[in-house]
Amino acid sequence: MQSSFERRPQKLHAAIIMDGNGRWASARGLPRGAGHRAGVKTIQRVAEAAPDLGIGTLTLYAFSSDNWRRPADEVGGLMRLLRAYLRSETDRLARTGTRLTVIGRRDRLPDGIPQAIERAEAATASGTRLNLRIAVDYSSRDAILSAAARLGPEGFSREAMSGALGEAGDVDLLIRTGGEKRLSDFLLWEAAYAELHFTDRMWPDFGEADLAAAVSDFTARDRRFGGLNAPKVSVAA
């Protein structure tokens, strides 16, 4: 009997914790902001490469709810980068068939950014080549609590919770750059059975070859989901 978890071929949901921007900059004698600016260029490269590697949904961890604790000048620089990204990239994303969605809280973002997010999401809503999701002011534990409160005890189930957390579904492959090996409150529910891939590569240096290596590693793994000898899945390019 074919496993209920088998999807052949499948479009992957990949998620990336984009770590190492500050350390990349410090190693070069540059301010941390230079690392964050270089990291934005990596987002462009990776988003362009992802669909040809069989990735249909790409969720990127850009700014966690805990990141508000960072120095005010660094937080301000990150918000300016987000604003600039939305302004400069929306048209290109629409042309390339990339749908942009932003997950996380919006009520604490600086004035103008929530409206810019809404405009970018509307302008790219018809994209089907890649669903690019960017997590901003995001905490997975807070998202789970919020979803549970909305559902209430009578409507609570695994399926309902998954739906309340978003339409992207479970994560297949979760990558963290920068050498650290932790999830940092990122997609905890959705990544319950994700394959984890850790790399020492700092995010600004991460490229198509690194993403391809992670996908290749993923396809070589035996995903059993608690069972035995589940057949390997193939990835649809």
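**Close-up views of a predicted model**

**Figure 1. Strands β2 and β4 pair side by side.** In this predicted model, β2 and β4 pair in the parallel sense, and seven bridges join them. Y61 stands opposite A135 in β4. Strand β2 covers residues 55-64, and nine of its ten residues are buried, so the rest of the structure largely encloses this strand. As a general point, side chains in a regular strand alternate between the two faces of the sheet.

**Figure 2. Strand β1 joins β2.** Strand β1 spans residues 12-17. β1 pairs with β2 in the parallel sense over six bridges. One residue to pick out is I17, whose bridge partner in β2 is Y61. Y61 also stands opposite A135 in β4. I17 and Y61 both belong to a core of twelve residues, treated in Figure 6.

**Figure 3. Strand β3 pairs with β4.** Strand β3 runs over residues 98-103 and strand β4 over residues 130-138. The two pair in the parallel sense over six bridges. T98 has L130 as its bridge partner in β4. Five of the six residues of β3 are buried, so β3 is largely enclosed by the rest of the structure. β4 also pairs with β2, over seven bridges.

**Figure 4. L130, a buried residue of β4.** L130 lies in strand β4. Is L130 buried or exposed? Its relative accessibility is 1%, so L130 counts as buried. Beyond its neighbours within four places in sequence, L130 is in contact with A47, A50 and P51. Its contacts also include I55, G56, T57 and L58. G97, T98 and R99 complete the list. T98 is the residue whose bridge partner is L130. L93 is 37 residues away along the chain from L130, and their C-alpha atoms are separated by 9.4 Å.

**Figure 5. D137 and its polar contacts.** D137 is found in strand β4. Its relative accessibility is 1%, so D137 counts as buried. Which side chains make polar contacts with the side chain of D137? One is the side chain of S65, at 3.0 Å. Another is the side chain of R108, at 2.8 Å. Leaving out residues up to four places away in sequence, D137 touches F63, S64, S65 and W68, among others. G104, R105, R108 and L109 are also touched by D137. The backbone of D137 deserves a look too. Most residues other than glycine have a negative phi. D137 is not a glycine, yet its phi is positive, at about 45 degrees.

**Figure 6. Two separate nonpolar cores.** The largest nonpolar core has 40 residues. Which residues have the most contacts inside this core? They are I16, I55, L58, L132 and L211. Helix α3, residues 72-95, gives the largest share of this core, with seven residues. A second, separate core has twelve residues, including I17, Y61, V171 and L187.

**Figure 7. I55 within the largest core.** I55 is one of the residues with the most contacts inside the largest nonpolar core. Setting aside neighbours within four places in sequence, I55 is in contact with L12, A14 and A50, among others. R129 and L130 are also in contact with I55. So are L211 and V215. L211 is itself among the residues with the most contacts in this core.

**Figure 8. D185, a buried loop residue.** D185 sits in the loop between β5 (173-176) and β6 (195-198). Where a residue counts as buried under 20% relative accessible area, D185 qualifies with 12%. Phi of D185 is near 60 degrees, a positive value in a residue other than glycine. D137 in Figure 5 has a positive phi as well, of about 45 degrees.

**Figure 9. The whole chain, for orientation.** The chain has seven helices and six strands. From the N terminus, these elements run β-α-α-β-α-β-α-β-α-α-β-β-α. The radius of gyration is 18 Å, close to the 18 Å that the globule rule gives for 237 residues, so the chain is as compact as a globular protein of that length. The C-alpha trace spans about 55 × 45 × 35 Å along its principal axes. Of the 237 residues, 49% count as buried. Among contacts between residues at least 6 apart in sequence, 75% join residues at least 24 apart. The chain exposes about 12,000 Å², of which carbon and sulfur atoms supply 51%.

Terms used:
Residues are numbered from 1 along each chain as its sequence is written. This is a predicted model: local features need pLDDT of at least 70, side-chain atom pairs count only at pLDDT 80 or more; totals for chains, interfaces and linings use all residues. Side-chain values use heavy atoms; hydrogens and water are left out. Buried means under 20% relative accessible area, exposed over 50%, partly exposed in between (1.4 Å probe, protein chains only). Helices (H or I, at least four residues) and strands (E, at least two) are DSSP runs, numbered from the N terminus. Two strands pair if DSSP finds at least two bridges between them. A polar contact is a pair of N or O atoms within 3.5 Å; within protein, one must be able to donate a hydrogen and the other to accept it, and residues adjacent in sequence count only if both atoms are side-chain atoms. Contact means heavy atoms within 4.5 Å. A nonpolar core is a set of buried Ala, Val, Leu, Ile, Met, Phe, Trp, Tyr and Cys residues joined through side-chain atoms within 4.5 Å. The radius of gyration is taken over C-alpha atoms; the globule rule is 2.2 Å times the number of residues to the power 0.38. Accessible areas come from the Shrake-Rupley method with a 1.4 Å probe; for residues, only the protein chains shown count as cover.
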